[in-house]
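Welcome! Here is a short tour of a structure you may be meeting today, with its sequence alongside.

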Amino acid sequence: NWRMGLFYNSVYIDSTLTDAGGNYTFNNVGPGTYAVSEQLQTGWEQTLPASPGTYTITTQSGQNVTGKNFGNFQLVSISGMKFHDLDGDGVKDLSEIGLTNWRIRLFENSIRIDSVLTDVNGNYTFSNVGGGTYTISELVQTGWTQTLPASPGSYTISPTSGQNVTGKDFGNFQNGTISGTKFHDLDNDAVRDVGEPGLQNWRIRLVRASIQIDSVLTNASGNYTF
């Protein structure tokens, strides 16, 4: 039930519907040069033949013309969620909510072809996506660290016709500070009492997974901040 059109000298002279197997035939075609095209349906893109999407045929007496095939890809959507990864584990827990107004970008062949902002629930959708290979990434905001997906922090997708792509989620942890004071415990009671001064130029180290990732020196008051 896809309509195929037959043109002669740019004049529409006949049409037919494809059968249950997708086949079509124009019978009793006379001499001349013809164009064959399809009537594209909403929600689909044509993949065959190449642009302009028609066949030009010059008939020869007694020779049937076959193999003038048309291919179509049913458009899909790509969706996911942008969430606040409170514990930074790269997994969306039940208590972790969506983040609004984060920009999610869609690339094809390294060219950005679309972008959307997440809604009030952190959800995003790219609609009417055709065939091909795409990359989806987020625009990371200052003061946040991406926790999902893993490096390089993007998804590469090759959709299948008619099958929507879901669950392409992004997680982010809002960066914070760790601070404290290095002090001279004059009475050795493990409590900083009034009058116990800070100690300057002591090195405080920051270690993650047994690897030192940073270090700072205490200031004149004995304070430090990562």
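T16 is buried, with a relative accessible area of 19%; buried means under 20%, exposed over 50%, and partly exposed in between, with a 1.4 Å probe and protein chains only. This residue lies in strand β2. Leaving aside residues up to four places away in sequence, T16 touches W2, R3, M4, Y24, T25 and F26, where contact means heavy atoms within 4.5 Å.

A word on the source: this is a predicted model, in which local features need pLDDT of at least 70 and side-chain atom pairs count only at pLDDT 80 or more, while totals for chains, interfaces and linings use all residues. Residues are numbered from 1 along each chain as its sequence is written, and side-chain values use heavy atoms, with hydrogens and water left out.

V11 also has its place in strand β2. V11 counts as partly exposed because its relative accessible area is 47%. Together with Y8 and I13, V11 forms a nonpolar patch on the surface, with about 250 Å² of accessible area in total. Such patches are made of residues with over 30% relative accessible area and no salt bridge (a side-chain nitrogen of Lys or Arg within 4 Å of a carboxyl oxygen of Asp or Glu); nonpolar side chains (Val, Leu, Ile, Met, Phe, Trp, Tyr) are joined within 5 Å, like charges within 9 Å. The areas come from the Shrake-Rupley method with a 1.4 Å probe, and for residues only the protein chains shown count as cover.

Now to the sheets. Strands of a sheet pair through backbone hydrogen bonds, either parallel or antiparallel. Strands here are DSSP runs (E, at least two residues), numbered from the N terminus, and two of them pair if DSSP finds at least two bridges between them.

| Open sheet of four strands | Pairing | Average turn between neighbours |
|---|---|---|
| β2-β1-β3-β5 | antiparallel | 25° |
| β10-β7-β14-β12 | mixed | 25° |

These angles are taken between axes, lines fitted to C-alpha atoms.

In the sheet that contains β2, the edge strands are β2 (11-17) and β5 (55-58), each pairing on one side only. Strand β1 (residues 3-8) runs antiparallel to strand β3 (residues 33-38), and five bridges join them. Along this pair, G5 stands opposite S37 in β3.

Which strands stand at the edges of the sheet with mixed pairing? They are β10 (123-129) and β12 (144-148); each has a single partner strand, so one side of each is left without a neighbour in the sheet. The pairing of β12 with strand β14 (residues 170-174) is antiparallel, over four bridges. Here L148 has G171 in β14 as its bridge partner.

Conventions. Axes fitted to C-alpha atoms, helices over the stretch in contact; angles between N-to-C directions.
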